Amino acid sequence: MRVFVTDGDNRATLAVTRSLGRAGHIVIVGEKRNPSLAQTSRYCAGRWHYPDPVTQGEAFVDSVVEAIREHRIDVLLPVADITTFQVVRNRSRFEANCAVPIPSSDALEQAADKAGLLARAQRLGVLTPRSVIVDRPGPPPAHDLGFPLVVKPHRSRVATPSGWKSCDVSFANDADALVRELTRRPAHEFPVILQERIVGPGVGVFAHYYRGRAVTLFSHRRIRERPPWGGLSVLSESVPLDPEARD
């Protein structure tokens, strides 16, 4: 099988390339620059240079369509969030020539919307941090969450007329810091979620579902994060699945 994977500088793409290559598949790796991390793997059978999907979305899609035809690709596998959204939003252009094993655009949008996900979890009785939604820039609403607070945009990446924008999670240690945080953020980051800060180990649970059935579950524990007091995982280790987290 011939597979095209995106985001060659992503460590996940390197893992995907190695895994598929060891299984005997032909892997073509795309990235906005050559060579990239995964393109240097012995399991990379070909390299493709495409325009930056962050700022040149249409050109990126055109380029990947060309790559699929030229390399006779059977499966298109986007890896990072922005390329995944670009592919899914243009699914019809790819599926005429190859498979796209990614859920629907509606499902992805629901998963990426942190505010909507929070509300859905609460409706289902899943425990969540105490939270307040702030719909627009300006003074924060009254709340009883205390400090420090986690300040979290509704999405990690937002599509704007000038391209995709990354949104960061931050902390506010007092009321003045919270006002500064809400004032500095551009309108596309709203709604913003204010959450109580919960101190403890960071554990992630990953689920592979097929037609509504959990095929397999995996868990990791965060060893280091950026910033150190809570944020993106920088170093993690696989751990046995905690029964409570699984449930």
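Author: A salt bridge here is a side-chain nitrogen of Lys or Arg within 4 Å of a carboxyl oxygen of Asp or Glu. The model is predicted, so local features need pLDDT of at least 70 and side-chain atom pairs count only at pLDDT 80 or more, whereas totals for chains, interfaces and linings use all residues. Residues are numbered from 1 along each chain as its sequence is written, and side-chain values use heavy atoms, with hydrogens and water left out.

Reader: How many salt bridges does that rule give, and which residue pairs with Arg184?

Author: Side chains of opposite charge can pair when their charged atoms come close. In this model the count comes to 17 salt bridges. Arg184 pairs with Asp168, and the closest N and O atoms of the two residues are 3.0 Å apart. Because Asp168 sits in the loop between strand S8 (163-166) and strand S9 (170-172), while Arg184 belongs to helix H7 (residues 175-184), this pair ties together parts of the chain that are 16 residues apart in sequence. Helices (H or I, at least four residues) and strands (E, at least two) are DSSP runs, numbered from the N terminus.

Reader: Are Asp168 and Arg184 buried or exposed?

Author: Buried means under 20% relative accessible area, exposed over 50%, and partly exposed in between, with a 1.4 Å probe and protein chains only. Asp168, at 34% relative accessibility, is partly exposed, and Arg184, at 44%, is partly exposed as well.

Reader: Where does Arg185 lie, and what is its accessibility?

Author: Asp168 and Arg185 also meet through their side chains in a salt bridge, at 3.6 Å from N to O. Arg185 lies in the loop between H7 and strand S10 (192-196), and with Asp168 in the loop between S8 and S9 the pair therefore ties together parts that are 17 residues apart in sequence. Arg185 itself is buried, with a relative accessibility of 2%. Through shared partners, salt bridges join Asp168, Glu181, Arg184, Arg185 and Glu189 into one network.

Reader: Which salt bridge links distant parts of the chain?

Author: The side chains of Asp81 and Arg157 form a salt bridge at 3.7 Å, N to O. That pair links distant parts of the chain, since Asp81 is in helix H3 and Arg157 is in strand S7 (residues 157-160), 76 residues apart. Asp81 is partly exposed, at a relative accessible area of 33%, and Arg157 is partly exposed at 29%.

Reader: Turning to uncharged partners, what does the side chain of Gln110 make with the side chain of Arg120?

Author: A polar contact is a pair of N or O atoms within 3.5 Å; within protein, one must be able to donate a hydrogen and the other to accept it, and residues adjacent in sequence count only if both atoms are side-chain atoms. The side chain of Gln110 makes such a polar contact with the side chain of Arg120, at 3.2 Å. Gln110 lies in helix H5 (residues 105-112) and is partly exposed, with a relative accessibility of 34%. From C-alpha to C-alpha, Gln110 and Arg120 are 9.6 Å apart in space, and they are 10 residues apart in sequence. Contact in the wider sense means heavy atoms within 4.5 Å; beyond its neighbours within four places in sequence, Gln110 is in contact with Leu117 and Arg120.

Reader: How should I read the sheet that contains strand S12, and in what order do its strands run?

Author: Strands of a sheet pair through backbone hydrogen bonds, either parallel or antiparallel. Two strands pair here if DSSP finds at least two bridges between them. Three strands form an open sheet in the order S11-S12-S13, with antiparallel pairing. Strand S11 (203-210) and strand S13 (232-238) are the edge strands, each pairing on one side only. The antiparallel pairing of S11 and S12 extends over eight bridges, and in S12 the bridge partner of His208 is Thr216.

Reader: Which residues does Ser219 touch?

Author: Ser219 lies in strand S12 (residues 213-226) and is buried, at a relative accessible area of 2%. A polar atom of its side chain lies 3.0 Å from the backbone oxygen of Gly204. Leaving out residues up to four places away in sequence, Ser219 touches Val203, Gly204, Val205, Glu237, Ser238, Val239, Pro240 and Leu241.

Reader: Finally, which residues have the most contacts inside the largest nonpolar core?

Author: A nonpolar core is a set of buried Ala, Val, Leu, Ile, Met, Phe, Trp, Tyr and Cys residues joined through side-chain atoms within 4.5 Å. The largest one has 23 residues, and Phe4, Val64, Ile68, Leu76 and Phe94 have the most contacts inside it. Helix H2 (57-70), helix H3 (81-89) and H5 are the elements that give two or more residues to this core, and H2 gives the most, with six residues. A second, separate core of 12 residues includes Val134, Leu149, Leu178 and Val192.
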